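Welcome, and please open your viewer. We will go from stop to stop, and at each one you will hear what to select and what is there.

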Amino acid sequence: MSTILENGLPYDFPLELINEIISCNPDDIAFLRSASLVSKIWRAAALRYLFSEASFLCKNDFVRWGLICTSLPHVAQYVRKVVVDLGGTWRLQERATSAPTGFIARAIEAAPYYTYKDTLSPALDCKFPKPSDFDVVLPTMTNATSLDWTMPSTKDGFDLTAANTTRFLTSFPNITDLSYSSHLQVPPVFHAQFMSFFHNLHKCTFSMWGISNSDPLYVYAAHESRISISQLEEIWFEECELGSMDWLLDYVLNNSPSPIRIRKVSWDFEDPPFSSNGFARLLRMAHGTLEELCFGPPYTPNDLEGYEAPPFGLNVLPVLQILSLRTLHISTQSDRLMQWLNSIVAVFPSCPCLQRLEFTFYLAESRDIDNVFAFRFLDWNSLLENRYPSLKVLAFEMMMEDEDDFDIAERQRLETIIRQETEMVNSDKFVMRWSPAR
């Protein structure tokens, strides 16, 4: 029977209703702290959100989570996301200035762990993690499905084969969504070894700089383990150095003992993560399952000149449904860019199931569009009728520094030009939108 408060309202509602209330505020730490103090039933519901993320951003975090899991072993089952930042970046600064000292201690009732709260304040001892910190013994967090991992900025003593590192990584056996960032100057096989710890990946996001083909301080035997990626469906790339992801083809995709079923590949704004040959190899590996592809040219004119049209070696991408070309910075390199785009489209495989074709242009001024379509860079009749016979949407996105850069009359004029050049003056397939730079 629920206890009745002075105003006549019960504070122990049915568990289903309490869960619904708390689920509406999953990121509000102050609310979750307060809810956890109402009663045991509210406490149980709030704990699932208070401990939904395990962050390892500094030395104390490893000690803290070891103590939490020792004192409250059931907490491990609440963890859904794990964040490991070995470089001590902005996330540590953000937490040190905004998170209340010992907020976990005040979130739930007294337990043995809380006697340590004063000595484990993140604001007092924010030392960056070291390899020895992985000595902490964690229970297996079977419900953790997301891992955001940032490698250290230097490779001092960090060894993926060390027993403590291996034990730490195997505490998260069911990771399906991996975000991996590294600026280490290490051989590519190092990154492949990291990925070999995870056998249930569905989605990977990479930020990659500093690949080195040889490094006397990091000598690894040939990578003989075969990484099973049969469930990998999406690969995203953010802020990657040109050609920095070819290792993914050589050491992971090419060595997979099971068929590759990649459905989506995407990069935008930054340089291509693959070399020209690497991009072509990727499409050949995934051609039978690839449904969505978003790619673009190198950002700088010099890189663009050396980035030739990939030798795709394919006649058809049988199930591709969405093809996006982004971001085309025509303000600085319109002639070279249009020549590159024309050469890409000329050799790109036909796509009989393609439903949507998108182009994203970055504009500095309206005359950029006049210059582009004066170049007549594509044979639209051949492209739409012969190469993409099932096309339903031809979309153009125009990105500006500021959303007020072009008035309505100018936007209408440019849209008319594009409709005429694409021979879609009255077509309901044509879509055009304007947006500020992201």
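How much accessible surface does the protein have, and what share of it belongs to carbon and sulfur atoms? The accessible surface comes to about 20300 Å², and 50% of it belongs to carbon and sulfur atoms. Accessible areas here come from the Shrake-Rupley method with a 1.4 Å probe; for residues, only the protein chains shown count as cover.

A word on what you are viewing: this is a predicted model, in which local features need pLDDT of at least 70 and side-chain atom pairs count only at pLDDT 80 or more, while totals for chains, interfaces and linings use all residues. Residues are numbered from 1 along each chain as its sequence is written, and side-chain values use heavy atoms, with hydrogens and water left out.

**The whole protein**

Switch to a cartoon view. The protein has 15 helices and twelve strands; helices (H or I, at least four residues) and strands (E, at least two) are DSSP runs, numbered from the N terminus. Of its 438 residues, 49% count as buried. Buried means under 20% relative accessible area, exposed means over 50%, and partly exposed lies in between (1.4 Å probe, protein chains only). Take the contacts (heavy atoms within 4.5 Å) between residues at least 6 apart in sequence: 84% of them join residues at least 24 apart.

**Stop one: helix 1 and helix 3**

Two packed helices are described by the angle between their axes and the distance between the axes. Axes are lines fitted to C-alpha atoms, for helices over the stretch in contact, and angles run from 0 to 180 degrees between N-to-C directions.

Select residues 15-23 for helix 1 and residues 40-50 for helix 3. Their axes are 10 Å apart, and the helices pack at an angle of about 40°. That makes helix 1 oblique to helix 3. Angles under 35 degrees count as roughly parallel, over 145 as roughly antiparallel, 65 to 115 as roughly perpendicular, and the rest as oblique. The crossing of this pair is right-handed; a crossing is left-handed if the near helix is turned anticlockwise from the far one by less than a right angle, and right-handed if clockwise.

Now show the side chains. On the helix 1 side you will find Leu15, Ile18, Asn19, Ile21, Ile22 and Ser23, and they meet Ile41, Trp42, Ala45, Ala46, Arg48 and Tyr49 of helix 3. By class, the contact of helix 1 with helix 3 holds nine nonpolar, two polar and one charged residue. Here Ala, Val, Leu, Ile, Met, Phe, Trp, Tyr, Cys and Pro count as nonpolar, Asp, Glu, Lys and Arg as charged, and the others, Gly among them, as polar.

Before leaving, pick Glu16, also in helix 1. Is Glu16 buried or exposed? Glu16 is exposed, with a relative accessible area of 62%. From its C-alpha to that of Ala45 is 9.6 Å in space, with their positions 29 residues apart in sequence.

**Stop two: Thr165**

Select Thr165 in helix 7 (residues 163-169). With a relative accessible area of 1%, Thr165 is buried. Leaving aside residues up to four places away in sequence, Thr165 touches Phe134, Phe158, Asp159 and Leu160.

**Stop three: helices 8, 9 and 10**

Select residues 188-195 for helix 8 and residues 246-253 for helix 9. These two pack at about 55°, with their axes 9 Å apart. Helix 8 and helix 9 are therefore oblique to each other, and their crossing is right-handed. Pro188, Val189, His191, Ala192 and Met195 of helix 8 meet Trp247, Leu248, Tyr251 and Val252 of helix 9. The residues of this contact divide into eight nonpolar, one polar and no charged.

Keep helix 9 and add helix 10 (residues 276-286). Their axes come within 9 Å and cross at roughly 40°. This crossing is left-handed. Helix 9 brings Asp246, Leu249, Asp250 and Leu253 to the contact, and helix 10 brings Gly278, Arg281, Leu282 and Met285. By class there are four nonpolar, one polar and three charged residues.

**Last stops: a loop and a helix**

Where is Tyr299? Look in the loop between strand 8 (292-295) and helix 11 (301-306). Tyr299 counts as partly exposed, at 45% relative accessibility.

Finish at Arg367 in helix 13 (residues 367-374). Arg367 is exposed, with a relative accessible area of 54%.
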